[in-house]
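This report describes the fold of a protein model, going from strand pairing to sheets, domains and the contact between chains. Please keep the sequence and the structure in view while reading.

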Amino acid sequence: MSDFVIETKKLTKIYGEQTAVNSVDIHVKPGRIYGLLGRNGAGKTTIMKMILGLTPITSGEVDVFSQNIKGHEKRIYPRIGSIIETPGFYPNLTGTENLEIFAKLRGTPRPNAVKKALEVVGLPYRDKKLFSKYSLGMKQRLGIANVILHDPELLILDEPTNGLDPIGIAEVRNFIKGLSAERGKTILISSHILSEIALLADDIGIIDHGVLLEENSMEDLEKKNRKYIQLQVSDVHKTSLILEQQFRVTDYAVQDEHNLRLYDTALDMAAINKALVVQDVAVISSQICNDTLEDYFKQITGGEGIA
Amino acid sequence: MKLLLWAERWKLRRSKILWIAGFATVMVALIVFAQGQFMFYGSRYIDKAGWFMTATQSLATFYVLPAVIALLGSYMICREEQEDTLKSLRLIPVDEMKLTLAKMVLTLVFSVLIYLLLFVITFLIEAVLHLEALPISLVLENLKIYFMDGAGVFFAISPIIALVSRMKKGYWLALVFAEIYSFAGLFASMSNTLKTVYPMTAVFNLSGYYHASVIQTLIGVIVLLTCVVLSLFILKGLNKTAK
């Protein structure tokens, strides 16, 4: 039994001569929100489609609930709710009518499931407006309502805030957070908007040109990107000794022969500078830095395309 | 299957294609009614009891209704892909073969209903014009023929519905193909051999619209069954390529 709700092993998708997804290993833990971040065309949707079995896998494996989806669709699909690309509905029907079709086909047992799902996303029940007349935001909300209609354990959401206004984005974000925090749902969400993922995800996977560049918990990434004092000195080893012995500093990282980072920004830098100079260590520069997540993502992805 | 049929019926709510079909049926009746105003040996065609019910069938079948029915059938299948609902259905999961079969069954029902609507229109007009001259046996015979025409036309055009759905080039193509296919039936009806083997005219042999021998009727059954098998074969390929 795997510890992950979704686990991919060397997942690869090749279209003709183009590799859309290259040997991706994703690990989505139960009850957590996993944010798949990448610029447009990075391969996020293709990964989600392969996880769901909507597109054939060129090579590699996907396990959902510790099972290969192929051949177990009837058992696994009812446990998943998903939006891939834009939500598709019948344009000649109202939102309620559309959801009633999907609820019945799924055999949703809960009474008033459609009404409750519409209430959650803020759409009116039994409204006469046809889906073809819906705005992009309304369509997206209806897609989310369809996802939660059967109370699935796992949600796979491909850019679910696309087309929503800022208030709508905040509402959906809070709603998704609530699903995970209060109801223990596992959520895999993709976005090209860094701030969205940063505000939502517990774990994050950064994908670029089909390659998963990093997979980490948000907590670890934040640690990596916290405030620090960048110290440039003539002798980093001697500086380390002085910091540890004289100032009892242990929370620091040596970067190279001349640079180190002090993560306690409350240190008395004047005293440190003085001690270093006294012991023949030249202090070339010392400054407070604060690398944001955005800086980090730009650094590892090359910087373009992430909003 | 029952659930899928319910869903398919539900999906057609407010669908313009249903209105187009209804309009086409009424238009067929109106055109034949107008033709019936012509004089023949001192009396109008329309005044002869049973003429209207009989004459409407050939015009409807060779020119209009097969195209309309093919359009509806291929629309029901193609729309899932065009409106991007197929992926949502796959994730339920819905068996795509059963889904397609449900759509075909509904098209068959629709085909029969549209022919029955045409029967009702023609019968009502005949009844208004000369109720006393209409024998009940003639009315029942025509009811049977219309019913069989509806079912038979669906079987005859089912390969077109399947083919257009597989081509994925737009369901309007079904209208064009079915129009050519049904119109060709007019020429096939001029030869006794062709009339027996051409699917559109085989429908008339089977329904009793043409006076057909037992052999011709049996060949008609075989021809229409071949059409059904052919369409199932094409649809099976469609579901494989979709996966």
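## Strand partners in chain A

In chain A, A:Ile6 stands opposite A:Val28, a residue of β3(A). The model is a predicted one. The pair belongs to strand β1 (residues 6-15) and strand β3 (residues 27-28) of chain A, which pair in the antiparallel sense over two bridges.

Strand β1(A) has further partners. It is joined by five bridges to strand β5 (residues 59-64) of chain A, and the two run antiparallel; here A:Thr8 stands opposite A:Val62 of β5(A). With strand β2 (residues 18-24) of chain A, β1(A) pairs over four bridges, again in the antiparallel sense. A:Tyr15 has A:Gln18 of β2(A) as its bridge partner. The hairpin of β1(A) and β2(A) has two residues between the strands, and A:Gly16 takes a positive phi near 60° there.

A positive phi is also found at A:Ser23, where the value is near 50° in a residue other than glycine. A:Ser23 lies in strand β2 of chain A.

The table lists antiparallel strand pairs of chain A with their bridges.

| Strand | Partner strand | Bridges |
|---|---|---|
| β1(A), residues 6-15 | β3(A), residues 27-28 | two bridges |
| β1(A) | β5(A), residues 59-64 | five bridges |
| β1(A) | β2(A), residues 18-24 | four bridges |
| β9(A), residues 203-208 | β10(A) | six bridges |
| β11(A), residues 227-233 | β13(A), residues 259-262 | four bridges |

## The six-stranded sheet

How are the strands of the mixed sheet of chain A ordered? Six strands form this open sheet, in the order β6-β7-β8-β4-β9-β10. At its edges are β6 (80-83) and β10 (211-217) of chain A, each of which pairs on one side only. On average, neighbouring strands of the sheet are turned by 10° against each other, direction ignored.

The pairing of strand β9 (residues 203-208) with β10(A) is antiparallel and extends over six bridges. Within this part of chain A, A:Asp208 stands opposite A:Val211 of β10(A).

Helices α1 and α6 of chain A pack on the sheet. Helix α1 (residues 44-52) of chain A touches β4 (33-37), β6, β7 (154-158), β8 (186-191) and β9, and its direction makes about 150° with that of β7(A). Helix α6 (residues 166-183) of chain A touches β4, β7 and β8, and its direction makes about 155° with that of β8(A).

## The four-stranded sheet and the domains

Another open sheet of chain A has four strands in the order β12-β13-β11-β14, with antiparallel pairing. Why is one side of β12 and of β14 left without a neighbour in the sheet? Strands β12 (252-254) and β14 (283-290) of chain A stand at the edges and each has a single partner strand, so one side of each has no neighbour there. The twist from one strand to the next averages 20°.

Four bridges join strand β11 (residues 227-233) to strand β13 (residues 259-262) of chain A. The bridge partner of A:Leu231 is A:Leu260 in β13(A). Helix α10 (residues 269-278) of chain A lies across β11 and β14, running at about 155° to β14(A).

The domain assignment divides chain A into domain 1 (6-222) and domain 2 (226-290). The C-alpha centres of these domains of chain A lie 46 Å apart.

## Chain B and its contact with chain A

In chain B, helix α6 (residues 136-167) and helix α9 (residues 199-207) pack at an angle of about 150°, with their axes 9 Å apart. This angle makes α6(B) roughly antiparallel to α9(B), and their crossing is right-handed. Helix α6(B) contributes B:Ile145, B:Met148, B:Asp149, B:Gly152, B:Val153 and B:Ala156 to the contact, while α9(B) contributes B:Pro199, B:Met200, B:Val203, B:Leu206 and B:Ser207. By class, eight of the contact residues are nonpolar, two are polar and one is charged.

Elsewhere in chain B, a cis peptide bond with omega of about 0° joins B:Ile92 and B:Pro93. B:Pro93 is located in the loop between α4 (86-90) and α5 (96-130) of chain B.

How many residues of chain A are in contact with chain B? There are 21 residues of chain A in contact with 17 residues of chain B. On the side of chain A, α2 (73-76), β6 and α3 (95-106) each supply at least two residues. The largest share, six residues, comes from α3(A). By class, this side of chain A has 12 nonpolar, four polar and five charged residues.

Terms used: Residues numbered from 1 in each chain as written. Chains lettered and ligands numbered in written order. Predicted model: local features only at pLDDT ≥ 70, side-chain atom pairs only at ≥ 80, totals over all residues. Axes fitted to C-alpha atoms, helices over the stretch in contact; angles between N-to-C directions. Parallel < 35°, antiparallel > 145°, perpendicular 65-115°, else oblique. Left-handed = near helix turned anticlockwise from the far one by under 90°. Contact = placed C-beta atoms within 7 Å. Nonpolar A, V, L, I, M, F, W, Y, C, P; charged D, E, K, R; others polar. Domains from an automatic or database assignment. Pairing = 2+ DSSP bridges.
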